[in-house]
Amino acid sequence: MHRVVVLALDGVIPFELSLASRLFGTATGPDGQRLYEVVTCSVDGRPVRTAADFTIAVGHDASALAEADTVVIPASEEFVHVTGPDALPARTAAALATIGPDTRIVGICVATFVLAAAGLLDGCPAATHWHYTARFRQLYPQVQLEPDVLFADAGRVLTSAGAASGIDLILHVIRRDHGSGVANQVARRCVVPPQREGGQAQYVERPVPPSPDAGTSATRAWALGRLHEPLGLDDLARHAGMSRRTFTRRFRAEVGQSPGQWIVQQRVDLARHLLESSDLPMTRIAERAGFGTDASLRQHLRTALGVSPGAYRRTFRE
């Protein structure tokens, strides 16, 4: 069984701390058997002070990290004060050093600061909470920060933006391990969406635009039912009853992407679902997802996922 070890550090935020146990612990295979074992540790096995008005007792010390297949580091209110390797507490650095070179590491929210200070994100794409992106960039220019995404997958090390995007990231990990069927089942049991649209740009604080225009959600729903058809900006704006310019502005403000980027993302997601859950030939999948040809489908999946449709199907076919 895949072993997930959660490292709770002083100041840990209870919500983020609970995510690994709740989500990984819910994942089951066709026979109903749990797919992950989740345990929680601290650096010394002693109780950990949380960001709330209570402490938590843990069952393990940092030696558990050496036996982990995946290590999850939830956010702590202390992490934004980690300004570099010298500011990383010695016991934390020692604990991280025990993690095996092939162990997957998942950092939630500002845990990105700790992973960057430990040198685990050098040259890698990463995400962190939008409120701290400027500070993070200043402290860790060697990390390829992606400020608008909900999470970043660098292969071995994965990071999420704010608290709830830790849910998106863990569902992504489960999807990567066991396919969409298991991830969707976990999402349904936890009453959360399997995948959220757009990035964290839609959550950044900004003044509410003083416009009486209707939103674009109805048009997005309309478009999702017509992904197999040609969908241009004029079609979307016409359905929303807006000019091209107004629609584009409102769409980006609500979704965090341009209409064109969003359409491509939805088509890629539909193609992934069809590859995982059906035996349709590539030509039919390309048509139903709105890519038209096998070549276009192949190009878009390689751009989005780094693999061909055939390779994706072999990896994630339920």
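Student: Two strands pair if DSSP finds at least two bridges between them, so how many bridges join β6 to β10?
Tutor: Three bridges join β6 (residues 104–107) to β10 (residues 157–160), and the two strands run parallel. Strands (E, at least two residues) and helices (H or I, at least four) are DSSP runs, numbered from the N terminus. This is a predicted model, where local features need pLDDT of at least 70, side-chain atom pairs count only at pLDDT 80 or more, and totals for chains, interfaces and linings use all residues. Residues are numbered from 1 along each chain as its sequence is written, and side-chain values use heavy atoms, leaving out hydrogens and water.

Student: Who's the bridge partner of V106 in β10?
Tutor: L158.

Student: And what's the strand order of the open six-stranded sheet?
Tutor: β2-β1-β5-β6-β10-β9, with mixed pairing. β2 (36–41) and β9 (151–153) are the edges: each has a single partner strand, so one side of each lacks a neighbour in the sheet.

Student: Switching to α5: is it mostly covered or open?
Tutor: Mostly covered, as 11 of its 14 residues are buried (under 20% relative accessible area, 1.4 Å probe, protein chains only). Among them are S165, D168, H172 and R175.

Student: What span should α5 have?
Tutor: At 1.5 Å a residue (times one less than the residue count), residues 165–178 should cover 20 Å, and the end C-alpha atoms are 20 Å apart, so that agrees. G179 follows α5, with a positive phi near 90°.

Student: Last one: how do α10 and α12 pack?
Tutor: α10 (residues 259–277) and α12 (residues 294–305) pack at about 100°, with axes 10 Å apart. Axes are lines fitted to C-alpha atoms over the stretch in contact, and angles run from 0 to 180 degrees between N-to-C directions. The contact (heavy atoms within 4.5 Å) includes V264 and R272 of α10 and H300 and L301 of α12.

Terms used: Buried means under 20% relative accessible area, exposed over 50%, partly exposed in between (1.4 Å probe, protein chains only). Two strands pair if DSSP finds at least two bridges between them.
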